[in-house]
Amino acid sequence: MGELRERIKARTEENKDKLLDYLKLESVSAQKREIDETAAYVKNLLEAFGAEVEILSLADKPLAHPVVYGFIPAKEVNKPTLLIYNHYDVQPEDPVEEWQTRPFEPVEKDGAIFCRGVSDNKANLIARLNAIQLYLEDHDGLPINIKFLIEGEEEIGSVHIDDYLAQYQDKFAANACIWESGSKDGQGRLHMSAGMKGIAYFDLANQTADIDVHSSQAAIVDNAAWRLIQALASMKDAKNRVTIDGFYDLMEEPNQEARAYLDQVPFDPDALKEGLNLRTDFITDDLDYSEKEALYFYPTLTISGLDAGYQGDGAKTILPKSARAKLDVRLVPGYTPENVQKLLRDHLDSHGYADFDLDLIAAVKPFRTDLTDPFIDLMVQTGETIYGKGKVIITPNSPGTGPMQSFGHYLGVPIVGIGSEYRGSGAHAPNEHIRWEDFYDNIAHILGIIENFDQVNWAN
């Protein structure tokens with residue numbers, strides 16, 4: 001392992017400029033910044049590592065961000081195919097004032113590299129390419145086919161991934177898929193997710209007048225802000241249980257395998273509170289399921305933003321003419337964005353808020369890989385050779401969201417996420433970073449997967 005580690009470090013140093021140049025591209029999908037330029041860079045990057053590459057588009061959706069397809073064939077025919085999924089887009093860098101470095105100028109310090117997008121998830125693509133290159137140093141070809149799907153809309157909900165997978169389904173056919181990310185916890189254990197929660201993200205708004213009204217009229221005139229607050233309060237009680245009729249009836253009970261895997265997932269509530277700098281208790285204290293079950297098995301209903309009235313310096317006495325909220329509903333198996341939207345609409349209509357606008361602005365379905373699939377065992381076994389026995393944790397699904405369900409639906413593949421992150425990497429936050437040691441571990445793990453992928457009985 002020592003010799004391999006040194007080779008991995010050397011390969012990382014040789015290819016570091018490729019990672020640095022990739023990170024400097026400000027590929028913020030929400031703001032359409034440098035999207036085409038980054039897709040072109042990824043195309044050139046894959047070609048430099050020996051892949052056959054195409055930049056894919058959708059003729060009927062010209063505004064869709066391009067997908068980069070790559071293919072490196074096995075040296076022999078009739079070999080299984082591993083699909084690697086990544087995304088080249090990143091989150092906005094706000095709040096810029098909280099960064100200790102310039103967000104898009106990669107900086108190395110204290111054994112880590114800091115830059116927007118380095119953990120989520122540009123470094124992971126480079127790690128996978130480094131692993132392929134290391135394997136080819138000792139062999140005259142790959143033992144398996146490797147395909148790449150690298151999209152540019154993950155950070156805005158992968159709004160066109162279904163269109164791409166439907167149109168290019170044959171091109172992306174595979175036996176299994178490695179997802180974009182996974183991370184180490186505070187004890188150095190690697191957490192790999194075999195699924196993800198979905199999301200239904202809504203704009204909720206109401207308007208009570210054409211213009212803001214002088215607040216002296218508050219004795220008789222309704223207030224859009226109060227109406228919004230009351231509508232939101234009708235959806236959840238003081239014990240944090242969602243009170244929308246039928247909301248929990250949609251939930252599919254987790255099966256025996258999912259519960260068994262969850263039992264093995266370590267969870268330290270005190271450490272989590274400390275890591276998040278929480279000033280309040282967990283909201284599960286009055287519920288009939290645990291914090292861990294809530295994170296992985298239960299849906300959520302979250303107010304992600306509120307906007308109403310005057311918010312500047314000093315006083316301005318008005319009744320706001322309108323008020324708006326952003327609602328984030330995380331979905332588990334049994335839920336779809338559409339059936340949640342119907343429940344919310346019915347709830348508003350039946351509680352006196354029929355005049356409210358409810359717009360679904362982002363939608364991703366939940367997904368969970370069959371936990372009895374042999375791909376799960378392969379990922380654990382290869383991981384334990386790097387991280388140690390008992391140091392690899394499979395979670396039935398992530399508490400977060402990504403378009404796994406689309407891949408499961410169109411390609412029918414088992415999916416597991418691994419990556420170079422750790423608990424403090426700060427994805428989506430200022431000072432995002434990865435540690436080089438975690439990057440090296442990830443390369444070694446990918447190398448082990450390549451070497452052993454053909455040993456799986458994919459016929460089953």
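This passage looks at the nonpolar cores, an annotated segment and a buried helix of a predicted model. Local features rest on pLDDT of at least 70 and side-chain atom pairs on pLDDT 80 or more, while totals for chains, interfaces and linings use all residues. Residues are numbered from 1 along each chain as its sequence is written, and side-chain values use heavy atoms, with hydrogens and water left out.

We can start inside the protein. The largest nonpolar core (buried Ala, Val, Leu, Ile, Met, Phe, Trp, Tyr and Cys residues joined through side-chain atoms within 4.5 Å) holds 106 residues, and Leu46 and Phe148 have the most contacts inside it. Buried here means under 20% relative accessible area with a 1.4 Å probe, protein chains only. Helix α4 (residues 118–138) gives this core its largest share, 10 residues; helices are DSSP runs of H or I, at least four residues, and strands runs of E, at least two, numbered from the N terminus. Leaving aside residues up to four places away in sequence, Leu46 touches Ala51, Val53, Val68, Gly70, Leu125, Leu129, Phe148 and Ile150, where contact means heavy atoms within 4.5 Å. A second, separate core of 23 residues includes Tyr69, Leu83, Trp179 and Val413.

Turning to the annotation, an unreviewed UniProt entry assigns "domain: Peptidase M20 dimerisation" to residues 196–353. Over residues 196–353 the chain is 30% helix and 21% strand, with end C-alpha atoms 32 Å apart.

Helix α12 (residues 404–411) is largely enclosed by the rest of the structure, because six of its eight residues are buried. These are Met404, Gln405, Ser406, Phe407, Gly408 and Leu411. Just after α12, Gly412 takes a positive phi of about 65°.

Definitions and conventions:
Buried < 20%, exposed > 50% of the residue type's maximum accessible area, 1.4 Å probe, protein only. UniProt positions renumbered as here; feature names shortened; annotations may be inferred.
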